[in-house]
Amino acid sequence: MVILKSLQEIEKIQKACVIVADVLNDVRAMAAPGISTLELDEYAEKRIRAAGAKPAFKGYRGYPRTLCTSINDQVIHGIPAKGVILKDGDILSIDVGAVVEGFYGDAAMTVPVGKISAKAEKLIRITEEALALGIEQARPGKRLFDISAAIQEHVEASGYSVVREFVGHGIGRSLHEDPQVPNFGERGRGLRLLSGMVLAIEPMVNMGGSATVVKEDNWTAVTADGSLSAHAEHTVAILEDGPKVLTKR
Ligand code: MF3
Ligand code: CO
């Protein structure tokens with residue numbers, strides 16, 4: 001069941017989203033060779049709590065941390081750890097969620113660590129572009145898979161692939177609500193988009209094949225073929241006059 005939000009509810013979601021965006025900005029600036037992903041996580045948790053919010057992921061189905069930090073062939077849900085040290089040339093997906101006054105915000109971006117290859121730079125750029133193209137479709141009168149198709153077409157035109165085992169989602173009083181927002185689909189299909197829907201749109205883009213494997217920790221998803229993967233996510237409200245990106249950085 002898709003839950004429509006009032007403008008007041010969207011404002012509350014926005015509160016959580018502003019905290020998420022600020023934390024992402026700061027963590028991005030800290031992502032340099034030599035720092036551990038646990039240090040990034042501890043900083044993010046402090047920031048979120050100082051803002052009067054709570055981490056959204058910590059404790060969710062037993063997830064142990066505030067951030068997901070996914071490096072190189074890790075697609076999503078990498079768990080921050082003391083022994084995971086960023087190194088020059090890595091690409092790092094930072095995913096963060098916060099809840100404030102009962103409403104959730106969720107966003108992610110992939111950032112370079114030090115100097116990265118031109119190939120990796122392009123992967124990140126295409127992923128961000130695909131997210132923007134998907135968001136552009138998030139308006140009343142469109143269909144859900146118009147978002148999905150816009151993302152898929154842009155990614156595949158570059159010779160990359162979209163991940164299918166993980167999808168975006170509705171968001172509001174829960175981190176994950178209906179509908180699921182796949183990053184693949186047929187234009188003109190799927191549920192009709194309405195003003196008041198709030199979606200976390202999150203393309204996951206692999207340089208090689210689309211298949212993923214979940215590691216023994218039961219969280220970290222990696223590409224099956226070991227290729228690089230990038231991830232970008234915004235929480236977006238669908239308003240009468242079009243999409244409003246609530247997690248704008
Ligand atoms: N942004 C991810 C999602 O929407 C992060 C979830 S991590 C989890 O699913 F631990 F909360 F599951
Ligand atoms: Co999400």
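**Entry 1: the ligand**

Which residues come nearest to ligand 1? I started there, keeping in mind that this is a predicted model. Of the 13 residues around ligand 1, I noted Asp95, Asp106, His169, His176 and Glu202 as the ones that come nearest.

Two of these histidines got a second look. The side chain of His169 has an N or O atom 2.7 Å from an oxygen atom of ligand 1. For His176 I found an N or O side-chain atom 2.7 Å from an oxygen atom of the ligand. Then I turned to Glu233, where a polar side-chain atom lies 3.1 Å from a nitrogen atom of ligand 1. I also looked up the cover: on its own the ligand has 330 Å² of accessible area, and the protein covers 95% of that.

**Entry 2: strand 14**

Next I followed the chain on from Glu233 to strand 14, residues 234–239. Is this strand enclosed or open? Six of its six residues are buried, so strand 14 is largely enclosed by the rest of the structure. I sorted the side chains by direction: His234, Val236 and Ile238 point one way, while Thr235, Ala237 and Leu239 point the other. That fits what I know of regular strands, where side chains alternate between the two faces of the sheet.

I checked its partners too. Strand 9 runs antiparallel to strand 14, joined by four bridges, and Val198 has Ala237 as its bridge partner there. Strand 15 (residues 242–245) also pairs with strand 14 in the antiparallel sense, over four bridges. Here Ala237 turns up again, with Lys244 as its bridge partner. A hairpin of two residues joins strand 14 to strand 15.

**Entry 3: the cores**

Then I went looking for nonpolar cores. The largest has 28 residues, and Leu123, Ile147, Ile151, Val155, Tyr160, Leu199 and Ile201 have the most contacts inside it. Helix 3, helix 4, strand 9 and strand 14 each supply at least two residues of this core. Helix 3 gives the largest share, seven residues. Apart from this core lies another, of 24 residues, including Leu24, Ile71, Leu92 and Val113.

I picked Tyr160 for a closer look. Beyond its sequence neighbours, Tyr160 is in contact with residues including Leu123, Ile126, Val155 and Met207.

**Entry 4: a small sheet**

Last, I looked up an open sheet of three strands, with the order 6-10-13 and antiparallel pairing. Strand 6 (161–162) and strand 13 (229–231) each have a single partner strand, so one side of each is left without a neighbour in the sheet. Strand 6 pairs with strand 10 over two bridges, and I found Ser161 opposite Asn206.

Note on methods
Residues numbered from 1 in each chain as written. Chains lettered and ligands numbered in written order. Predicted model: local features only at pLDDT ≥ 70, side-chain atom pairs only at ≥ 80, totals over all residues. Heavy atoms only, no water. Core = buried A, V, L, I, M, F, W, Y, C linked by side-chain atoms within 4.5 Å. Buried < 20%, exposed > 50% of the residue type's maximum accessible area, 1.4 Å probe, protein only. Contact = heavy atoms within 4.5 Å. Near = heavy atom within 4 Å. Polar contact = N/O pair within 3.5 Å; in protein donor to acceptor, adjacent residues only side chain to side chain. Areas by Shrake-Rupley, 256 points an atom, 1.4 Å probe, with all protein chains shown as cover. Pairing = 2+ DSSP bridges. Lists of a residue's contacts leave out its neighbours within four places in sequence.
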